[in-house]
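Q: Please take a close look at one part of this model, the place where a helix packs on a sheet. Then set that part in its wider surroundings.

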Amino acid sequence: MMLQLDETPLRSLRRRIRSTYRPSAFAAVAAFIFFAGVGSVGRSMAAPPSSTPNVLLILADDLGFSDLGCYGGEIKTPNLDSIAEQGLRFTQFYNTARCWPTRGSLLTGYYAQQIRRDHLPGVPTGGGNRGQRPAWATLLPALLDPAGYRSYHIGKWHLDGMPTESGFDRSYYLQDLGRYFNPARHLRDGRRLPAINDGDSFYLTSAMADYAVEDLKDHAANHAGEPFFQYLAFTAPHFPLQALPEDIALYDPIYTVGWDVIRKQRWKRMQQMGLLDDDAVSSPSAPERQLGPPYHFPEAFEILGDGEINKPVPWESLTAEQKQFQAKKMAVHAAMVHRMDVAIGRVFQQIRAMDQWDNTLIMFLSDNGASAEIMVRGDGHDPEAPAGSAASYLCLGPGWSTTCNTPFRRHKTWTHEGGISTPMILSWPAGMTARGEFRRQPQHVIDIAATLLELTGTKHPADAPEPPGQSFLDQFASEVPSEPRTLWWYHDEHRAIRQGDWKAVAPEGEPWELYDLSTDRTESVDLALPRGDRLDQMVATWQQMLDDMIELASRDLPKSVLGAAEDQNARSGRMWEAQQAAKPKRTQVLINAETFRIKGRHAFLMRPNEPADGATGKPWIFYAPTLSPYPDRNESWMHQQFLDAGVAVAGIDVGEAYGSPHSQRYFDALYDDMVSKGYSRKPALLGRSRGGLYVARFAIERPNRVAAIGGIYPVFDYTDYPGVQRAAAVYGVSADELQFHQERWNPIKQSEVLAEAQIPVYIIHGTDDRLVPIASNSAALGEVYGERGQQELFQLEQAAGQGHSAWPGFFRCQPLIDFLIEAARKG
């Protein structure tokens with residue numbers, strides 16, 4: 001039997017010894033001497049404080065980028081605004097997209113995957129009780145202990161182990177995360193507290209402040225000679241949306257104008273305060289009207305009733321009942337943020353009462369962006385109970401989450417900016433001269449530990465691997481340009497990597513996207529096509545980092561443990577199923593089809609039951625545009641005719657390529673794949689609307705691979721549609737360049753290649769088409785054929801009086817169908 005000693009007296013003895021000579025204070029002074037020296041060449045620093053600073057680390061839960069007043073929000077947050085005014089606001093501060101991995105990274109300084117606190121393929125990882133940290137993954141309170149700190153934890157934990165077993169001297173640990181008025185499972189210093197009964201005067205956010213103040217008072221009375229590390233982890237404003245009635249009443253009138261108006265108002269305030277770089281963010285991202293919650297629980301909508309809606313549709317499209325229900329939800333969310341700020345103010349007041357305000361480093365951040373989730377858990381939801389009360393269970397949902405994450409895209413769990421970029425405020429009156437300034441360098445939650453360790457002169461254990469975080473201590477005085485760095489994300493199978501200003505991001509099951517954040521932090525213009533080489537390199541780096549993390553996280557685990565985790569999904573069974581159910585569905589209408597990936601892109605193949613009689617090889621038609629909704633039901637009759645004639649139909653989704661030459665490598669990949677399956681080396685091409693630009697590009701680049709071209713009101717001139725402003729990005733040039741160099745890039749200006757290659761063409765086009773005028777597109781192509789003496793190869797059927805529509809005659813044009821079948825068979 002092993003004798004286990006109580007460590008508390010030993011820790012007390014160590015601290016008495018350190019009170020005589022404290023290396024942390026020396027390290028802090030040395031750091032400030034260094035920075036003061038640097039100040040002689042343009043940077044200044046306040047005089048070093050007399051002792052190592054106290055640290056108050058505050059973590060909100062599901063707080064959006066624009067929820068605070070000092071980040072453009074209408075919610076009253078005067079206490080947080082005050083430290084922003086006297087300190088720093090970070091505008092590119094990142095987290096992990098989710099609560100538990102952020103907490104693991106925050107308290108260790110490592111990516112959550114490195115310490116087995118988020119999913120890695122083949123490794124026992126995850127949240128809750130899954131994924132035990134390696135022995136070397138020491139938490140901040142233990143890391144700060146050699147510098148003399150006493151550490152206090154309040155609130156949410158979401159790590160393995162217990163707070164008081166992980167270096168914290170005291171803890172109020174909330175395990176019951178679904179109740180703000182009556183938690184049943186909460187612990188004080190590891191001991192179970194009585195459940196809070198209904199009717200008691202209790203509100204969780206206020207109680208957390210009570211416990212923090214209690215610990216700080218005890219610290220002042222009994223440990224005044226030691227610095228404190230206070231970790232205050234609120235649950236607000238995480239669902240269930242529950243708030244004090246008096247706080248809800250303050251915000252009830254505000255949100256009836258709707259989420260579209262509130263989003264515009266927040267954006268305007270951001271502009272007025274100069275929060276974001278104008279070059280990087282010129283306007284908010286477009287709301288993703290068809291993107292709902294990250295998990296779909298159909299039973300929740302039955303419980304919540306007709307007022308709930310799972311898409312961020314235009315506010316004016318809602319019913320009166322929906323508007324009332326949604327406005328009330330946001331009022332409760334605002335009330336929760338408001339009360340959190342009030343609670344924080346009480347903690348501030350206690351620190352001032354201790355005469356420690358000037359020498360307390362305050363850091364405030366959020367674990368992820370605002371949440372689009374909609375579910376009912378815990379005690380359930382009583383539709384008759386007042387919204388925000390203990391008997392209600394409401395979630396913010398995608399409509400308001402889109403607003404709370406203004407100006408960015410998407411929400412918690414996704415690795416787009418809306419899920420991973422949130423406020424970070426820093427203040428230390430005695431330790432920094434900067435006041436009310438912005439810091440625009442990218443920082444990550446992994447950097448918090450690195451900064452505190454540098455400040456206090458403490459280190460990770462000697463056997464710990466090199467941490468990925470970078471200290472931002474040098475940003476305390478003035479903004480210092482940093483070297484481009486690589487940041488990495490992986491959560492719920494959503495992936496992202498940032499290298500310098502470039503960011504590659506891929507939602508679960510979707511192709512990689514690429515953005516230049518120096519000009520597009522709202523991730524609106526996907527540069528995956530024109531910058532494919534850069535994207536390939538970044539994706540390779542992402543994969544290498546994943547492999548390295550798997551190796552590190554597996555290093556101390558036996559093969560039997562790893563084997564048991566081999567088939568483990570990113571989430572548990574129920575949540576994984578709900579995530580798959582919530583994924584935006586491709587609404588293509590396909591017949592007898594298989595779908596697959598080519599070079600990471602969605603592709604399809606509709607196969608005939610019987611091959612065509614007398615055909616050379618297996619004939620096929622290359623269809624465009626292959627986007628999520630195309631081909632649609634309008635084309636089904638036509639496609640059935642192809643299949644009945646033994647002709648296959650295939651396509652690859654290259655996104656809104658608009659005829660860009662950079663799409664060619666994906667077209668080639670589809671072509672090579674089809675040929676490898678025994679299909680003809682000369683398919684017929686069919687372009688509908690903007691698909692005309694796609695098939696024209698393929699034919700211009702590879703005329704010897706084309707049997708014929710068919711079109712349904714096809715676009716050939718990108719100045720008509722989509723216009724040079726929209727098309728320029730995927731061509732990899734400016735709009736002015738795209739306009740000026742049409743002879744090089746515009747398919748209609750290059751179409752002599754088609755005529756000279758003697759490629760037959762059949763098109764049907766409406767005479768009254770205003771979106772894609774017949775004269776400058778289909779008729780213009782006919783003129784080129786005429787000028788090259790190939791009139792007999794070009795046929796244009798003009799649909800009198802028809803515009804750009806779903807008129808059945810466009811899709812049941814028998815001459816066009818026969819033309820394509822014959823051409824494909826001869827291919």
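A: In this predicted model, helix α3, residues 78–86, lies across three strands: β2 (88–90), β9 and β10. The helix runs at about 65° to β10.

Start with the strands under that helix. Strand β9 covers residues 360–366, and strand β10 covers residues 424–427. The two pair in the antiparallel sense, over four bridges. One pairing can be picked out by residue: Met363 has Leu426 in β10 as its bridge partner. In general, the strands of a sheet pair through backbone hydrogen bonds, in either a parallel or an antiparallel way.

Now widen the view to the sheet. Ten strands make up an open sheet, in the order β7-β6-β5-β4-β8-β1-β9-β10-β2-β11. Its pairing is mixed. At the edges stand β7 (191–192) and β11 (437–439). Each edge strand has a single partner, so one side of each is left without a neighbour in the sheet. The strands crossed by α3, namely β9, β10 and β2, follow one another in the sheet order.

Next comes the nonpolar interior. The largest nonpolar core has 89 residues. Those with the most contacts inside this core are Leu68, Tyr255, Met340, Phe364 and Ile425. Helix α10, residues 320–353, supplies the largest share of the core, 15 residues. Phe364 falls within the span of β9, and Ile425 within that of β10. Tyr255 deserves its own look. Leaving aside residues up to four places away in sequence, Tyr255 touches Glu74, Ile75, Ile262, Trp315, Ala327, Met330, Ala331, Ala334 and Trp400. Another core lies apart from this one. That other core has 58 residues, including Phe667, Ala727, Val772 and Ala780.

One backbone feature belongs to a loop after a strand of the ten-stranded sheet. Pro237 sits in the loop between β8 (228–233) and α7 (245–251). A cis peptide bond joins Ala236 to Pro237, with omega about -5°. A second cis bond links Tyr630 and Pro631, where omega is about 0°. Pro631 is in the loop between β19 (620–624) and α17 (636–644). As a rule, most peptide bonds are trans, and most residues other than glycine have a negative phi.

Phi also has its exceptions here. Tyr713 is not a glycine, yet its phi is positive, about 35°. Tyr713 lies in the loop between β22 (708–712) and α20 (724–731). Tyr713 counts as buried because its relative accessibility is 2%, and the cut-off for buried is under 20%. Glu493 is another non-glycine residue with a positive phi, about 70°. Its place is the loop between β13 and β14.

That loop leads to a second sheet. Four strands form this open sheet, in the order β13-β14-β15-β16, with antiparallel pairing. The edge strands are β13 (486–491) and β16 (513–516), each pairing on one side only. From one strand to the next, the twist averages 10°. Six bridges join β13 to β14, residues 494–499, and these two strands run antiparallel. Thr486 stands opposite Gln499 in β14.

For a surface position, turn to Thr595. This residue is in strand β17, residues 593–598. Thr595 is exposed because its relative accessible area is 58%, and exposed means over 50%. Beyond residues up to four places away in sequence, Thr595 touches Leu590, Ala603 and Phe604. Between the C-alpha atoms of Thr595 and Leu627 the separation is 13 Å, and these residues are 32 apart along the chain.

Finally, the whole protein. There are 26 helices and 24 strands. The radius of gyration is 30 Å, close to the 28 Å that the globule rule gives for 827 residues, so the protein is as compact as a globular protein of that length. The C-alpha trace spans about 100 × 60 × 60 Å along the principal axes. Of the 827 residues, 61% count as buried. Among contacts with a separation of 6 or more, residues 24 or more positions apart account for 75%. The accessible surface comes to about 31,000 Å², and carbon and sulfur atoms hold 50% of that surface.

Methods: Residues are numbered from 1 along each chain as its sequence is written. This is a predicted model: local features need pLDDT of at least 70, side-chain atom pairs count only at pLDDT 80 or more; totals for chains, interfaces and linings use all residues. Side-chain values use heavy atoms; hydrogens and water are left out. Buried means under 20% relative accessible area, exposed over 50%, partly exposed in between (1.4 Å probe, protein chains only). Contact means heavy atoms within 4.5 Å. Two strands pair if DSSP finds at least two bridges between them. Axes are lines fitted to C-alpha atoms, for helices over the stretch in contact, and angles run from 0 to 180 degrees between N-to-C directions. The radius of gyration is taken over C-alpha atoms; the globule rule is 2.2 Å times the number of residues to the power 0.38. Accessible areas come from the Shrake-Rupley method with a 1.4 Å probe; for residues, only the protein chains shown count as cover. A nonpolar core is a set of buried Ala, Val, Leu, Ile, Met, Phe, Trp, Tyr and Cys residues joined through side-chain atoms within 4.5 Å.
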